[in-house]
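Here are a few short exercises to work through with the model open beside you. Try each task before reading its solution.

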Amino acid sequence: MKVVSVCISEKKGTRKHKVAFVEIKKDHGIIGDAHAGNWHRQISLLGQESLNKMKDKMPDLDSGDFAENIMTEGLTLYELPIGTRLKVGETELEVTQIGKECHQGCEIRKLTGDCVMPREGIFAIVIKEGKIYPEDPIEILS
């Protein structure tokens, strides 16, 4: 189980772009990301496996296209219970929400006709601060 990529966006409702690493802060989320703030959806995660399901319709889909911050591999995220703690690299996250309601005017839905994020994406808060890099290992703590 590992991080495939890390992404941010400066504006809500848009695709995110890959960055070399993200720095996360407690009660905030990812520094420089539009979705950061002291709320229950500080960081979004989506599995590479979920992205791959959509590649039949749009082969050019890539990390960040579903507005996720962290693309993972080897973990069925949406099956994790709320409250699960994940060690991601040097950081620790706690799962707070599975899926979400897709808002009207979603850029991704317009492009693909569908969006896996509302069904298979998860959200988390920061428990332990630090940096997250692609290839960082992911471990389920509880």
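**Exercise 1: the nonpolar cores**

The largest nonpolar core has 21 residues, and those with the most contacts inside it are Ile24, Ile43, Leu45, Ile70, Leu93 and Ile132. A nonpolar core is a set of buried Ala, Val, Leu, Ile, Met, Phe, Trp, Tyr and Cys residues joined through side-chain atoms within 4.5 Å. Buried means under 20% relative accessible area, exposed over 50% and partly exposed in between (1.4 Å probe, protein chains only).

This is a predicted model: local features need pLDDT of at least 70, side-chain atom pairs count only at pLDDT 80 or more, and totals for chains, interfaces and linings use all residues. Residues are numbered from 1 along each chain as its sequence is written, and side-chain values use heavy atoms, with hydrogens and water left out.

*Task.* Find which elements give two or more residues to this core.

*Solution.* Step 1: mark strands S1 (2–8), S3 (22–25) and S5 (43–47). Step 2: add strands S7 (85–88), S8 (91–98) and S9 (122–128). Strands here are DSSP runs (E, at least two residues), numbered from the N terminus. Step 3: set apart a second, separate core of ten residues, which includes Leu51, Met54, Cys115 and Phe123.

**Exercise 2: two residues to compare**

*Task.* Decide whether Thr72 is buried or exposed, and place Arg15.

*Solution.* Step 1: locate Thr72 in strand S6 (residues 70–73). Step 2: Thr72 has 0% relative accessibility, so it counts as buried. Step 3: Arg15 sits in the loop between S1 and strand S2 (17–19), and counts as partly exposed because its relative accessibility is 36%.

How values were computed
Helix = DSSP H or I, 4+ residues; strand = E, 2+ residues; numbered from the N terminus.
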